[in-house]
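User: I should like to learn how a metal site and charged side-chain pairs are read from a model. Could we take them in turn?

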Amino acid sequence: MGVPTLGCPCAVCHSADPHDRRLRPSVLLRWKENTKADAGGERVVVIDTGPDFREQALRARITHVDAVFYTHAHADHIMGMDDLRPLSFIAERRGGPIPLYTDAEATKVLEQVFAYTFSPDSTYPTRARVRLAPLPDRQPVGGVEFVRIPLWHGEQPIAGFRFGGAAYLTDVSAIPEASFALLDGVEVLVLSALRRSPHPSHSTVEQSVAWARRIGARQTWFTHIAHDLGHAETNRTLPENMQLAYDGLSVPVTL
Ligand SMILES: [Zn+2]
Ligand SMILES: [Zn+2]
């Protein structure tokens, strides 16, 4: 919902700490790919384009996007898709539409929500130059392999992603046993932890801490945090290598 949450009188929603202002969750990956054709070329991948994507892209000074991966197609993860338009015009001039890697379920929702973009009958001339691409188990982008990590979000199967020594798992309520093997050796983990009280489709802080211990990353960052959790006070209760992430946090990872 973002924090402050609309209409909420609680202390976190009225906190003066900038760490307590939370836009909808998303991750940006930036690296240099050294190829002969394009020495030092910067590669940019975004995971999820929520309703706040434009503000986040401005803050991160994104000037192009090579690919987008979607975890699932709930509003807080997809509604900024249309703001890819100006970046997609740049991508088209560089060689083609931006690939949006999504599973079959999310593809169906994106096609409905953004029918004016994806319908073959669309007559909207300045629609985003993007293409829906099926999400495979492993998808290389600019020399980096993105490994799909199957997860549960309530009753819905969704995707997490591993890239090199890092993984991004959001909106998780259960991690299938086989997915732990795919997370072996992860050094930096980003994992959702909504709040302390149970929720039908999100893990609690306690559950996420237990998974983080099992996965054993050097550092775990919790994300997708509701207004129940104040930044400073929650972090004081967490192990030093498991902390709440915050908007704008930048972390080096090995790809
Ligand atoms: Zn609140
Ligand atoms: Zn979500």
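Analyst: Let us begin with the geometry of the metal site in this predicted model. The site of the zinc ion (ligand 2) is irregular, with angles of 91 to 167 degrees among its four donor atoms.

User: Why does the site of the zinc ion (ligand 2) count as irregular?

Analyst: Ideal angles at a metal are 109.5 degrees for four tetrahedral donors. Four donors count as tetrahedral if all angles lie between 85 and 135 degrees. Here the angles extend to 167 degrees, so the tetrahedral class does not apply and the site is irregular. Water is not among the atoms, so a site may look incomplete.

User: Which protein atoms are the donors of the zinc ion (ligand 2), and what is their spacing along the chain?

Analyst: Two aspartates and two histidines provide them: D76 (OD), H77 (NE2), D171 (OD) and H224 (NE2), at 2.1 to 2.2 Å from the ion. Along the chain the donors follow the spacing D-H-x93-D-x52-H. D76 belongs to helix α2 (residues 75-78), while H224 sits in the loop between β11 (219-223) and α8 (231-237), so this pair ties together parts that are 148 residues apart in sequence.

User: Are D76 and H224 buried or exposed?

Analyst: The cut-off for buried is under 20% relative accessible area. D76 counts as buried at 17%, and H224 counts as buried at 11%.

User: Let us turn to the salt bridges. How many does the structure hold?

Analyst: The structure holds 10 salt bridges. One of them joins R43 to E33, with the closest N and O atoms 2.6 Å apart. R43 lies in strand β2 (residues 41-47) and E33 in strand β1 (residues 27-33), so the pair ties together parts that are 10 residues apart in sequence. R43 is buried at 12% relative accessibility, and E33 is buried at 17%. E33 and R43 are also linked with D66 in a network of salt bridges.

User: Where do E105 and K108 lie?

Analyst: Both residues are in helix α4 (residues 104-113), three residues apart, which is about one turn of the helix. Their side chains meet in a salt bridge at 3.6 Å, N to O. E105 is partly exposed, with a relative accessible area of 39%, and K108 is partly exposed at 48%.

User: How should the salt bridge of D82 and R85 be read?

Analyst: Its closest N and O atoms are 3.5 Å apart. D82 is buried, with a relative accessible area of 17%, whereas R85 is partly exposed at 21%.

Technical notes: Residues numbered from 1 in each chain as written. Chains lettered and ligands numbered in written order. Predicted model: local features only at pLDDT ≥ 70, side-chain atom pairs only at ≥ 80, totals over all residues. Heavy atoms only, no water. Donors = N, O, S within 2.8 Å, 3.2 Å for Na, K, Ca; no water. Tetrahedral: all angles 85-135°; square planar, octahedral: opposite > 155°, others 65-115°. Helix = DSSP H or I, 4+ residues; strand = E, 2+ residues; numbered from the N terminus. Buried < 20%, exposed > 50% of the residue type's maximum accessible area, 1.4 Å probe, protein only. Salt bridge = Lys/Arg side-chain N within 4 Å of Asp/Glu carboxyl O.
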